[in-house]
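Thanks for making the time this morning. I would like to walk you through one model, going from a single residue outwards to the whole chain, so please have the structure open as I talk.

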Amino acid sequence: MAQKLYGPRVRIGNWNEDVYLEEELMKDFLDKREKGALLIQRNRRLKTHLLRPMQLSISEDGYVHYGDKVLLVNPDHPETEADRFLDGNLSLCMTPDEIKAHLNDELGVPCGLSATQTTIPVGRNTFMILSADRDTTGQVLRYGQNFRLGITGGVENKMLYLSSDHRSFLKSSKRSWVQEVYLTDEISYMNCWQATFLDPQLRLEYEGFPVRANSKILINHCYTNRGLATHRHLFLSTYFGKEAEVAVHTYLDSHRVEKPKNHWMLVTGNPRKDPPTMLDLPKPRAEDTQAMEQAMEQVIAPCTQ
């Protein structure tokens, strides 16, 4: 008759190694948790910085100044090249690489960019107008002047600059294969830009005039002489979901005029704080429209009596 030789307390195999391994894993987990090095902790810190609410600058005279914090918005326009695209106003946002963000607490460079439908000022889409030559904080930005676009990403003492370079076999945008745009912490001529008047027939006349806030302009790269563009029909799978690709390329129509892909607005804050940007304010009716409506009411009133 067979006897039962093994009971619940009998340990078989490499039980001692398994116990020590579990203890080491627990010690490593507790040590990383105390240092804040866990993946979920880094993920929360990154989102806290990038989604930190920001306050945009308020333009009292209606123009853009050096040192202002603004949103770079591509205005809503119909897309004719594809059936599926992101509609609405798209704001330029920084898009860090997920792997680099998980391995390092700081924002890795070069850092990518994308366009999203969010127009609420947060750390990842609030840019600062910086001078390219000398300290001109408070002065008006003018057409034809070199300037830089800096972003902190919600992190203090960290400034990244919007940059671009010529397209090569090893360096281009992910979806359209044109000249890419990225963020870097190095100051050079690669991150110099110029604001250009929208109407090409009046472009020379407006050279040197102040850039009006919340109005359509062109943003051209000084080194390559190409315009900042948004590809609404080319999607990117980013850390925050599906967003549109941003690149540097000038798109011209049959009349040699820049397409809406190259149109941008430097959106400032709302002094009433609700809504947070001037982009969401209702547009006032034109004076001639009001006068015409009043005249029509005066003509229709006697007929209805």
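**A walk through the model**

Let me begin with valine 248, which is buried, its relative accessible area being 0%, and I should say straight away that what we are looking at is a predicted model. Valine 248 has its place in strand β11, which covers residues 241-248. If you display its surroundings, leaving aside residues up to four places away in sequence, you will find that valine 248 touches Ser164, Gln179, Glu180, Val181, Trp193, His221, Thr224, Arg226, Gly227 and Leu228. For one of these, histidine 221, there is also a distance to give: the two residues are 27 apart along the chain, and their C-alpha atoms are separated by 7.7 Å.

From there I would like to move to serine 173, which lies in the loop between β6 (160-164) and β7 (181-184). Is this loop serine buried or exposed? With a relative accessible area of 4%, serine 173 falls under the 20% cut-off and therefore counts as buried. Its side chain reaches the backbone nitrogen of tryptophan 177 at 3.1 Å, and, again setting aside residues up to four places away in sequence, serine 173 touches Val178, Glu180, Glu245 and Ala247.

Now to the strand pairings. Strand β8, residues 193-196, pairs with strand β5, residues 146-151, in the antiparallel sense over two bridges, and within that pairing asparagine 146 stands opposite glutamine 194. β8 is also joined to strand β9, residues 216-221, by four bridges, and these two strands likewise run antiparallel; here alanine 195 stands opposite isoleucine 219.

Turning to the helices, consider α1, residues 15-35. Its 21 residues, at 1.5 Å a residue, should span 30 Å, and because the C-alpha atoms at its ends are 31 Å apart, the model agrees with that expectation. After α1 comes glycine 36, with a positive phi near 75°.

Finally, the protein as a whole. Its secondary structure comes to four helices and 12 strands, and buried residues make up 39% of the 305 residues. Of the contacts between residues at least 6 apart in sequence, 68% join residues at least 24 apart. The protein exposes about 18900 Å², of which carbon and sulfur atoms supply 52%.

Methods. Residues are numbered from 1 along each chain as its sequence is written. This is a predicted model: local features need pLDDT of at least 70, side-chain atom pairs count only at pLDDT 80 or more; totals for chains, interfaces and linings use all residues. Side-chain values use heavy atoms; hydrogens and water are left out. Two strands pair if DSSP finds at least two bridges between them. Buried means under 20% relative accessible area, exposed over 50%, partly exposed in between (1.4 Å probe, protein chains only). A polar contact is a pair of N or O atoms within 3.5 Å; within protein, one must be able to donate a hydrogen and the other to accept it, and residues adjacent in sequence count only if both atoms are side-chain atoms. Contact means heavy atoms within 4.5 Å. Accessible areas come from the Shrake-Rupley method with a 1.4 Å probe; for residues, only the protein chains shown count as cover. The expected span of a helix is 1.5 Å times one less than its number of residues.
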